[in-house]
Amino acid sequence: MKDDDILTHIHELIAEEHGLRQRLASGSISSHEENNRIKQLEEALDQAWDLLRQRRARREFGEDPDSAAPRPIGEVEDYRQ
């Protein structure tokens with residue numbers, strides 16, 4: 001996956017998150033449904049941002065960005081900001 005593909009995926013996840021919040025506001029989904037999917041989206045976003053950062057760091061230090069791989073969600077979620 002290339003940087004542009006990762007960014008496109010990130011934008012799609014963000015758009016879905018916004019759509020969920022709008023559907024919740026309009027009453028077309030329950031807060032339980034929204035919360036469950038939002039959690040999944042946040043995990044996927046964290047994983048995508050981490051992969052993008054890995055690729056950029058590898059490129060910056062003369063390494064092959066294509067050798068970066070998505071880390072498990074549990075690992076990415078345990079990072080501190």
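**Entry 1: terms and model**

A helix here is a DSSP run of H or I with at least four residues, a strand is a run of E with at least two, and both are numbered from the N terminus. I am working on a predicted model, in which local features need pLDDT of at least 70, side-chain atom pairs count only at pLDDT 80 or more, and totals for chains, interfaces and linings use all residues. Residues are numbered from 1 along each chain as its sequence is written, and side-chain values use heavy atoms, with hydrogens and water left out.

I looked up the confidence next, as pLDDT (the predictor's confidence in each residue, from 0 to 100). The mean for the protein is 93, and 96% of the residues reach 70 or more. By element, α1 has the highest mean pLDDT, at 96, and α3 the lowest, at 87. I note for later reading that where pLDDT is low, the predicted coordinates should not be read in detail.

**Entry 2: the whole protein**

I counted 3 helices and 0 strands. Along the sequence the pattern reads α-α-α. The radius of gyration is 15 Å, well over the 12 Å that the globule rule gives for 81 residues, so the protein is more spread out than a compact globule. I keep the terms here: this radius is taken over C-alpha atoms, and the rule is 2.2 Å times the number of residues to the power 0.38. The C-alpha trace spans about 50 × 25 × 20 Å along its principal axes.

I then looked up burial, where buried means under 20% relative accessible area, exposed over 50%, and partly exposed in between (1.4 Å probe, protein chains only). Of the 81 residues, 27% are buried. For contacts (heavy atoms within 4.5 Å), I took the pairs at least 6 apart in sequence; 54% of those join residues at least 24 apart.

**Entry 3: helix α1**

I checked the length of α1, residues 3-26. The expected span is 1.5 Å times one less than the number of residues. For its 24 residues that gives 34 Å, and the end C-alpha atoms are 35 Å apart, which agrees. After α1 comes G27, with a positive phi near 85°.

I listed the buried residues of α1 as D3, I6, I10, L13, E17 and L20. These pack against α2.

I stopped at D3, which belongs to α1. D3 has a relative accessible area of 14%, so I put it down as buried. Beyond residues up to four places away in sequence, D3 touches L52, R55, R56 and R59. Which side chains does the side chain of D3 meet in polar contacts? I found R55 at 2.5 Å and R59 at 2.9 Å. A polar contact is a pair of N or O atoms within 3.5 Å; within protein, one must be able to donate a hydrogen and the other to accept it, and residues adjacent in sequence count only if both atoms are side-chain atoms.

**Entry 4: helix α2**

I found 30 residues in α2, reaching 42 Å from the first C-alpha to the last, close to the expected 44 Å. The residue G62 follows α2 and has a positive phi, near 75°.

Buried residues of α2 include E34, I38, L41, A44, L45, A48, D50 and L52. What covers the buried residues of α2? I find α1 and α3 among the cover.

I looked at L45 in α2. Its relative accessibility is 9%, so L45 counts as buried. Setting aside neighbours within four places in sequence, L45 is in contact with I10, L13, I14 and E17. The C-alpha atoms of L45 and I10 are 6.2 Å apart, across 35 residues of chain.

D50 also lies in α2. With a relative accessible area of 4%, D50 is buried. I noted a polar contact of 2.8 Å between the side chains of D50 and R71.

I took N35, also in α2, and found it partly exposed at 46% relative accessibility. From N35 to L20 the C-alpha distance is 9.2 Å, with the two residues 15 apart in sequence.

**Entry 5: after α2**

I ended at F61, in the loop between α2 (31-60) and α3 (73-77). Is F61 buried or exposed? At 62% relative accessibility, I count F61 as exposed. The C-alpha atoms of F61 and A15 are 32 Å apart, and the two residues are separated by 46 places along the chain.
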